[in-house]
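Let's take a look at how charged side chains pair up in this protein, and at what lines one of its pockets.

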Amino acid sequence: MTSRMTAVVIGRNEGERLEPSLRSVQNAGLPLVYVDSGSIDGSPAVARQLDIPVVELHPSRPFSAARGRNEGLAEALRHWPGSDYVLFLDGDCVLDPLFPAAAAATFEKHVDCAIVTGHLSERHPEASIYNRLCAIEWRSPAGKIENMNALGGIMAARISAFGEVGGFNEQAIAGEEPDLGVRLGLAGFSIIKIDRPMATHDAQMLRFSQWWKRAVRSGHALAHRYARHGRTQYRDGRRELRSVLFWGFALPLTVLILLWPTRGLSLLLLGGYGLLGWRVYRHYSHSGLPRSDALLATRFILYSKFAEFVGILRYCTNRLRGRFHIIEYK
């Protein structure tokens, strides 16, 4: 069944991580295309040395993961027109060699299934607290995916279903995966996470500034998702958007406005962040996370409300300007 699957690997200045990523797909027995978004580190040459077809995106249009995957699939189908399934992989990930066969078997068993994912793990969680946060983020149970926010860019997709909904939305600079998931769900398809390893990821986040930019990008994606699907039956991004607007903007603004009239008593409202933190900590503790990881995730969930609010503002600005450009954190 994997003979009917092709792969698309996307990357931008992935450096030493790219070759292991590409080789992992070759070792799994899949034909593949590499798509490069303006790298200046020689990434296209690395792929060509491995005899892999390369698509170098033209800078006349904004780079995005969505555009890279769409154009990569179009190129793959020119090389292997009989493909039924496509595996999407990022250039900072190494594929588990057994995942493609397990994904293909899942497609055969569930004819309504459009996307199959598996367990993603972080390669070096010990390298920084930001890598540890990614490792925590990747955790989710196997089964049918209803919350599209759990859908990431590493996936296998049924090409016919992917084409039916128009592929990835190239206007999305992030969050294009949940957007695709919602459109597939509205079209009657299912998305399944199987209980198997899928890939290892190398976040390589070592600084707070990298984490902050990534969180800003998440806020931008959240606003875009809500604008497109917040009023559908999925209410995509609705609850998260309200949370960010309240904790990242409304509450601190209220405290500042009332600071003088209340002679400082409005500062007591900041205790609400303690209550929020307790709720988040309990959630992570009950999910089986060690205490130290639960405390770390809780702290950064609180920080993320402010970064994501900045991202929402950036989305509003970009939408008014009619221009969307990737937000890089590496």
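What follows is a walk through salt bridges, one pocket and a few backbone details.

Keep in mind that this is a predicted model.

**Salt bridges**

The structure holds 19 salt bridges. Here are three of them, with the closest N to O distance.

| Acidic residue | Basic residue | N to O distance |
|---|---|---|
| Glu14 | Arg17 | 2.6 Å |
| Glu176 | Arg69 | 2.7 Å |
| Asp236 | Arg225 | 2.8 Å |

Start with the pair of Glu14 and Arg17: both residues are buried. Glu176 and Arg69 are both buried as well. What does the salt bridge between Glu176 and Arg69 tie together? Glu176 sits in helix H7 (residues 176–186) and Arg69 in helix H3 (residues 65–79), so their contact links parts that are 107 residues apart in sequence.

Now for Asp236 and Arg225, whose side chains meet at 2.8 Å, N to O. Asp236 belongs to the loop between helix H8 (208–229) and H9, while Arg225 belongs to helix H8, so this pair ties together parts that are 11 residues apart in sequence. Asp236 and Arg225 are both buried. There is also a network: Arg61, Arg67, Glu71 and Glu170 are joined into one by salt bridges that share partners.

Arg225 is worth a second visit. Its relative accessible area is 6%, so Arg225 counts as buried, the cut-off being under 20%. Besides the salt bridge with Asp236, the side chain of Arg225 makes a polar contact of 3.0 Å with the side chain of Asn149.

**A buried acid without a partner**

Which side chain of opposite charge is nearest to Asp36? That would be Arg12, 6.7 Å away; Asp36 is buried yet has no salt bridge. With the cut-off for a salt bridge set within 4 Å, that distance is why Arg12 does not qualify. Asp36 is part of strand E2 (residues 32–36). A polar atom of the Asp36 side chain does lie 3.3 Å from the backbone nitrogen of Gly38.

**The second largest pocket**

The second largest pocket has a volume of about 190 Å³. It is lined by 14 residues, and those closest to its centre are Asn147, Tyr234, Arg235, Asp236 and Gly237. So Asp236 turns up here too, alongside its role as salt-bridge partner of Arg225. Which element gives the largest share of the lining? Helix H9 (residues 238–259) does, with 3 residues. By type, the lining splits into 7 charged, 4 polar and 3 nonpolar residues.

**Backbone details**

Arg235, one of the residues closest to the centre of that pocket, has a phi near 50 degrees, a positive value in a residue other than glycine. Arg235 lies in the loop between H8 and H9. Is Arg235 buried or exposed? Exposed, with a relative accessible area of 51%.

Gln204 also has a positive phi, about 50 degrees, although it is not a glycine. This residue is found in the loop between strand E9 (190–201) and H8. Gln204 counts as partly exposed, at 41% relative accessibility.

Finally, Gly42 is placed in the loop between E2 and helix H2 (43–49). At 35% relative accessibility, Gly42 counts as partly exposed. The C-alpha atoms of Gly42 and Thr317 are 34 Å apart, with the two positions 275 residues apart along the chain.

Key: Residues are numbered from 1 along each chain as its sequence is written. This is a predicted model: local features need pLDDT of at least 70, side-chain atom pairs count only at pLDDT 80 or more; totals for chains, interfaces and linings use all residues. Side-chain values use heavy atoms; hydrogens and water are left out. On a 1 Å grid over the protein atoms alone, a cavity is a set of points where a 1.4 Å probe fits but cannot get out, and a pocket is an open set with protein on both sides within 12 Å along at least five of seven lines; lining residues have an atom within 4 Å of a point. Grid points are joined across faces, edges and corners, and a volume is the space filled by probe spheres set on the points. Helices (H or I, at least four residues) and strands (E, at least two) are DSSP runs, numbered from the N terminus. Ala, Val, Leu, Ile, Met, Phe, Trp, Tyr, Cys and Pro count as nonpolar, Asp, Glu, Lys and Arg as charged, and the others, Gly among them, as polar. Buried means under 20% relative accessible area, exposed over 50%, partly exposed in between (1.4 Å probe, protein chains only). Lys and Arg count as positive and Asp and Glu as negative; His and the chain ends are not counted. A polar contact is a pair of N or O atoms within 3.5 Å; within protein, one must be able to donate a hydrogen and the other to accept it, and residues adjacent in sequence count only if both atoms are side-chain atoms.
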